[in-house]
Amino acid sequence: MNKKHVVITGAGSGLGASLAHLYADKGYHVTLMGRNSDKLQKVAASLGTSDYSIHVLDVSSYTAVTTVFRDIRSVDLLINNAGVGYFELAEALSVEQVDAMIDINLKGTIFCTQQVLPAMKAAGAGQIINIVSTAGLEGKVTESVYCASKFGVKGFTESLQKELAETGIRVSGIYMGGMATPFWDGVIDEDNMGGMMAADDVAEIIVNSMEERRNINVSELVIRNH
């Protein structure tokens, strides 16, 4: 398999699915990861290619992450996109909700990144894109722990950039505003989604901006709603 290989977590819907389509169009072997097999199968069937792999994975489980990544081939591009949010006043968040946001958003990003680094370092090449959101740039009402998890991803991303500065591995953080995706189901009424960005538009900006170019490195990309 000589094609470039992209692994996308949280690929069953929203931005992850949009990114999968664009990288499939660019000729990549696309590995779709997510917790829902049916959603992953639906995205895969819509790619217009048979050059894909599917792995059902909860990124918050270190054991599951190590097992899955052991079974896939060398990764050229890892997109840490899996995420979850619960939006309440700080004191109203349950232990389960706090754990889920820290475990999936932050620890999941760390766990998956750990799995690809040794091979990327050996090759002296590779790319890691962390989908963070503007919640990693500023605190927001009813998003205290969600922001905490995303600020953590921002710190992890910036530290990786310093650690890997001389390795040939490119690391980027993507900070985007709200998108009209299933992420907001049950949180925002459909009638109030008009100001949200389209996931396809955001994906196109990311893919175009993250393309490797001579003497250019895009370490962070901020995409805001009007």
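Start by selecting asparagine 80 and asparagine 130: the latter, in E5, is the bridge partner of asparagine 80. Keep in mind that you're looking at a predicted model.

Now widen the selection to the two strands around that pair. Strand E4 covers residues 77–80 and strand E5 covers residues 126–131; they run parallel and are joined by four bridges.

Next, bring up the whole sheet. It's an open one with seven strands, and reading across you get E3-E2-E1-E4-E5-E6-E7, with parallel pairing. For the edges, pick strand E3 (52–56) and strand E7 (220–223), each of which pairs on one side only. Spin the view a bit to check the twist: neighbouring strands are turned by 15° against each other on average, direction ignored.

Stay around E7 and add helix H6, residues 199–210. This helix lies across E5, strand E6 (169–176) and E7, and runs at about 155° to E7.

Last stop, the second largest pocket. Which residues lie nearest its centre? Select Lys4, Asp76, Gly126, Arg170 and Glu212, and you have them; the lining as a whole has 20 residues. The volume of this pocket is about 350 Å³.

Colour the lining by element and you'll meet some strands and helices from earlier: helix H4 (95–123), E5 and H6 are the elements giving two or more residues to it. H4 supplies the largest share, three residues. Then recolour by class: the lining of the second largest pocket splits into 10 nonpolar, four polar and six charged residues.

How values were computed
Residues numbered from 1 in each chain as written. Predicted model: local features only at pLDDT ≥ 70, side-chain atom pairs only at ≥ 80, totals over all residues. Heavy atoms only, no water. Pairing = 2+ DSSP bridges. Axes fitted to C-alpha atoms, helices over the stretch in contact; angles between N-to-C directions. Contact = heavy atoms within 4.5 Å. 1 Å grid on protein atoms, 1.4 Å probe; cavity = no way out; pocket = protein on both sides within 12 Å on 5 of 7 lines; lining within 4 Å. Points joined across faces, edges and corners; volume = space filled by probe spheres on them. Nonpolar A, V, L, I, M, F, W, Y, C, P; charged D, E, K, R; others polar.
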